Amino acid sequence: MSLLLIKNGTVVNANDKFEADVLLEDDKIIRIEKSIVLSEVSVKVIDAMGKYIIPGGIDPHVHLDLPTPAGNSSDDFYSGSRAALAGGTTTIIDFVTPSHGESLIKALHKRKEVAATSCIDYALHVGICWWDASLAAEIEYCIKHKGITSFKTYLAYKGSIGITYDELYDVMKVVARFNATVTVHCEDGDKVAANQQQFFREGKTSVRFHALSRPAEVEADAVEKVLQMAAATECKVYLVHISAAKSMDIIHRYNNKKLRVETCPHYLVLNEKVYDSDNFETAKYVMSPPLRSEKDNEVLWQQLAANHIDTVATDHCPFNLIGQKDAGRHNFIRIPNGAGSIEYRTSLLFTYGVLSGKISLCQWVALTSGNAAGIFGISNTKGSIEVGKDADIVIWNPDKEKVISIENQFQHCDSNIYEGFQLKGLPETVIFKGKIDFVYD
Ligand code: URP
Ligand code: ZN
């Protein structure tokens with residue numbers, strides 16, 4: 001038996017904040033009290049005076065080792081989970097992406113083999129990347145026998161992993177029967193494809209046309225159709241990576257109580273001005289949806305503050321500029337979509353959200369762990385500092401600073417979309433399942 005006592009810190013949960021000592025026995029939290037004094041000599045003590053004791057982060061949207069025509073995303077489960085830990089995230093939710101015609105269950109087993117090198121806990125959303133009625137039984141099996149609580153659908157990526165609105169409607173009907181969740185990438189695939197082809201015909205092939213081919217309306221139109229279907233099917237829906245104020249307007253109009261909404265750090269702290277260059281390096285910002293205006297950033301912050309957005313996930317999916325992104329040097333359509341944030345999510349949200357007074361400490365915890373635990377069915381073990389929960393804990397130093405750089409990053413990638421960003425507030429000690437995994441001086 002191993003005991004770890006965290007003394008003198010401030011516990012912050014999604015709905016509460018208090019001074020306490022926290023005692024861990026092996027991989028569980030066993031006591032939380034104003035003052036814990038132990039006579040055992042074998043107990044290891046950490047002094048957390050002036051620090052926050054927060055639940056290990058839960059990042060509900062990452063793509064490690066994601067196969068694409070330009071090669072796999074540049075972080076595998078080992079390097080990506082190390083980067084997550086370094087940033088205070090102890091649980092990730094990645095994806096099963098079945099190929100056309102492939103059984104969901106076979107694809108799930110294969111994905112688990114790939115994910116086995118993860119140093120932290122992981123769960124999987126099962127992608128529905130093609131559809132016929134035979135998948136209904138597989139969905140049921142995944143829910144009843146494989147612990148799956150969510151199914152990922154893409155309206156973008158027409159012709160590869162994207163499905164149609166009609167297919168999505170069928171998926172929602174099936175998933176609603178079992179009270180599970182459908183997560184949706186809302187970009188209208190037909191409109192994106194039409195815009196891409198139009199630009200290509202006109203010889204407009206540089207990076208900036210990636211963003212221009214996916215304007216905010218393309219997201220908002222898809223959001224509207226999805227919300228109509230969510231109302232008709234009564235399915236629980238989670239909208240991934242919402243980037244635009246226009247989408248939030250629609251979300252408010254539908255006022256669906258079962259709806260849950262995610263955004264990402266890059267839609268909060270970066271904006272579309274980065275595309276205003278002919279330097280191919282801007283390909284590092286090619287993600288879908290693309291970055292939006294500063295006004296969109298501002299609206300998203302307001303929506304976080306008003307609790308209208310439930311989670312901040314990274315959509316971590318980095319690709320190297322050299323050897324991967326450069327597949328699209330002469331045609332933006334070929335640039336693999338995605339960027340890395342897994343290591344910075346909690347700190348970016350603290351620095352630019354909490355310290356700038358946009359969100360509270362408790363909201364920060366809700367957005368980075370508490371809410372995701374509830375939405376994806378893991379709140380019995382994760383997402384708060386409570387007796388009986390997993391000892392996944394971050395001791396957060398609110399004064400510690402660093403500047404983000406490819407020189408000091410853990411993620412595997414030759415570029416970094418946050419290069420030069422100043423962070424204030426960083427994990428000091430990261431404890432995963434009761435074991436100290438990272439200590440920063
Ligand atoms: O650009 C992105 N978001 N890449 C990862 C795959 C996805 O669309 O979520
Ligand atoms: Zn994604």
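This is a short talk on helix packing, aromatic pairs and one loop residue in a predicted model.

Conventions to start. Because the model is predicted, local features need pLDDT of at least 70 and side-chain atom pairs count only at pLDDT 80 or more, while totals for chains, interfaces and linings use all residues. Residues are numbered from 1 along each chain as its sequence is written, chains are lettered from A and ligands numbered from 1 in the order in which they are written, and side-chain values use heavy atoms, with hydrogens and water left out.

Helices and strands here are DSSP runs, numbered from the N terminus: H or I with at least four residues for helices, E with at least two for strands.

Take helix 4, residues 165–177. Its 13 residues reach 19 Å from the first C-alpha to the last, close to the 18 Å expected at 1.5 Å a residue. That expected span is 1.5 Å times one less than the number of residues. Which residues of helix 4 are buried? Tyr165, Leu168, Val171, Met172, Val174 and Val175. Buried means under 20% relative accessible area, exposed means over 50%, and partly exposed lies in between, with a 1.4 Å probe and protein chains only. Those buried residues pack against helix 3, strand 9, strand 10, helix 7 and strand 11. After helix 4 comes asparagine 179, with a positive phi near 60 degrees.

Now helix 10, residues 294–305. Its 12 residues should span 16 Å at 1.5 Å a residue, and the end C-alpha atoms are 17 Å apart, which agrees. Its buried residues are Asp296, Asn297, Val299, Leu300, Trp301, Gln303 and Leu304. Their cover includes helix 8, strand 12, helix 9, strand 13, helix 11 and helix 12. Asparagine 307 follows helix 10, and its phi is also positive, near 60 degrees.

Helix 8 deserves its own slide. It packs on helix 10 at about 35 degrees, with the axes 9 Å apart. Axes are lines fitted to C-alpha atoms, for helices over the stretch in contact, and angles run from 0 to 180 degrees between N-to-C directions. Helix 8 brings Ala245, Met248 and His252; helix 10 brings Asp296, Val299, Leu300 and Gln303. Contact means heavy atoms within 4.5 Å.

Next, rings. How many aromatic pairs does the structure hold? It holds 11. Rings of Phe, Tyr and Trp (its six-membered ring) pair if their centres lie within 6.5 Å; planes under 30 degrees apart are stacked, over 60 edge-to-face, the rest tilted. For phenylalanine 199 and phenylalanine 209, the centres are 4.9 Å apart and the planes at 50 degrees, so the pair is tilted. The first sits in helix 5, the second in helix 6, 10 residues apart. Both are buried.

Phenylalanine 350 and tryptophan 396 make another tilted pair, with centres 5.6 Å apart and planes at 55 degrees. This one joins helix 11 to strand 14, across 46 residues. Phenylalanine 350 is buried at 2% relative accessibility, and tryptophan 396 is buried at 0%. Ring pairs link these two with Tyr52 and Trp364 into a cluster.

Last, threonine 97. Where is it found? In the loop between strand 7 and helix 2. At 28% relative accessibility, threonine 97 counts as partly exposed. Leucine 66 is 31 residues away in sequence, and 8.6 Å away C-alpha to C-alpha. Leaving out residues up to four places away in sequence, threonine 97 touches Leu66, Cys129 and Ile161.
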